[in-house]
Amino acid sequence: MPRILVVDDEQDLCEILRFNLEAEDYEVDTAASAEEALEKVEGGKRGVDGYDLLLLDVMMGGMSGFDLARRLRESGDQTPVIFLTALGGHDDQLQGFDAGADDYIAKPFSFDTVLARVKAVLRRSQNNQNNQGIQNNPNILNNQNNLTRREHLILQLFLEHPGRYFSREEILDAVWPDDTLVGERSVDVHIARLRKKLGAEGQRIVNKTGFGYGLV
């Protein structure tokens, strides 16, 4: 489930966005300032308890949304950012994109517009991650010929979500979605076989206590 952080000093707007986004099956946190948002972003890790998207106001007390976006990008954080702001001028939009925005929406806006932009940005971000994960693992890709269908699906899941850990239940849902008789032990068995078949590359599939399996 994608995690979104809504950052705005208008509490009512934060709650409206939270309510509507949660109704669309997103997990949503809110922050009333850029400083609070920075603490939350820096306190998490993508794919574990980090965020997949920031909906970010610009004009807030203290640090502005533009400054927060620049700080994130300068630190190497590529979490997608959509600005939601009353600054709708052409120069404002240019400044937003220059700060590292993935999209820019001027207030007032309809929730349908926000939802469409959220879906589009998340889809682009996911595609970029998938391509990066596959391109960065050519050695693993060369060892797929002897894999069973289930082993291949597990490996593909890891490759398409680099740096993310999956619980046994999540792996079951992804690989055995229609088989209610398969238990969590099957996940351990298949991953053990997968590691063995991948040889040295198989050591990169790790089990992090409290999080699950992932590719490092």
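1. I begin with His190, which is buried at a relative accessible area of 16%, and I note at the outset that the model under discussion is a predicted one. His190 is found in helix α9, which covers residues 184–198. Leaving aside residues up to four places away in sequence, His190 touches Arg150, Glu151, Ile154 and Trp176.

2. Helix α9 also contributes to a salt bridge, since the side chain of Asp188 meets that of Arg168 with 2.8 Å from N to O. The pair links distant parts of the chain, with Arg168 placed in helix α8 (residues 168–175) and Asp188 in helix α9, 20 residues apart. As for the surroundings of the two partners, Asp188 is buried at a relative accessible area of 17%, whereas Arg168 is partly exposed at 29%.

3. As to the overall make-up, the protein has 9 helices and 7 strands, and 43% of its 216 residues count as buried. Among contacts between residues at least 6 apart in sequence, 61% join residues at least 24 apart. The protein exposes about 11,400 Å², of which carbon and sulfur atoms supply 46%.

4. Strand β1 (residues 3–7) deserves a point of its own, as 5 of its 5 residues are buried and the strand is thus mostly covered. Arg3, Leu5 and Val7 point one way from β1, while Ile4 and Val6 point the other way, and the residues on both sides are buried. A reader checking the side chains should therefore find Arg3 listed among the buried residues of this strand, together with Leu5 and Val7 on its side.

5. Which strands pair with β1, and in what sense? Strand β2 (residues 27–31) is joined to β1 by 5 bridges, and the two run parallel; β3 pairs with β1 over 4 bridges, also in the parallel sense. Ile4 can serve as a reference for both pairings, for this residue stands opposite Val28 in β2 and opposite Leu53 in β3. The connection between β1 and β2 passes through helix α1 (residues 11–23), and the three elements make a right-handed β-α-β unit.

6. A search of the whole structure finds 14 salt bridges, and one of them, between Lys107 and Asp57, has its closest N and O atoms 3.7 Å apart. Lys107 lies in the loop between β5 (103–106) and α5 (111–135), and Asp57 in the loop between β3 (53–56) and α3 (65–74), so the pair ties together parts that are 50 residues apart in sequence. Asp57 is buried, with a relative accessible area of 4%, while Lys107 is partly exposed, with 21%. The two residues also belong to a network of salt bridges that links them with Asp8 and Glu10.

7. The salt bridge between the side chains of Glu36 and Lys40, with 3.7 Å from N to O, is set within one helix. Both residues are in helix α2 (residues 34–42), and because they are 4 residues apart there, they are separated by about one helical turn. Glu36 counts as partly exposed at 30% relative accessibility, and Lys40 likewise counts as partly exposed, at 29%.

8. The count of aromatic pairs comes to 5. The rings of Phe66 and Phe83 have centres 5.1 Å apart and planes at 85°, so this pair is edge-to-face. Phe66 lies in helix α3 and Phe83 in strand β4 (residues 81–85), so the pair ties together parts that are 17 residues apart in sequence. Both Phe66 and Phe83 are buried. Ring pairs further link Phe66 and Phe83 with Phe97 and Tyr104 into a cluster.

9. How are the rings of Phe158 and Phe166 arranged relative to each other? The two form a tilted aromatic pair, with 6.1 Å from centre to centre and 40° between the planes. Phe158 and Phe166 are both buried.

How values were computed:
Residues are numbered from 1 along each chain as its sequence is written. This is a predicted model: local features need pLDDT of at least 70, side-chain atom pairs count only at pLDDT 80 or more; totals for chains, interfaces and linings use all residues. Side-chain values use heavy atoms; hydrogens and water are left out. Buried means under 20% relative accessible area, exposed over 50%, partly exposed in between (1.4 Å probe, protein chains only). Contact means heavy atoms within 4.5 Å. A salt bridge is a side-chain nitrogen of Lys or Arg within 4 Å of a carboxyl oxygen of Asp or Glu. Rings of Phe, Tyr and Trp (its six-membered ring) pair if their centres lie within 6.5 Å; planes under 30 degrees apart count as stacked, over 60 as edge-to-face and the rest as tilted. Accessible areas come from the Shrake-Rupley method with a 1.4 Å probe; for residues, only the protein chains shown count as cover. Two strands pair if DSSP finds at least two bridges between them. A crossover is right-handed if, with the strands pointing away from the viewer, the path from the first strand over the helix to the second runs clockwise.
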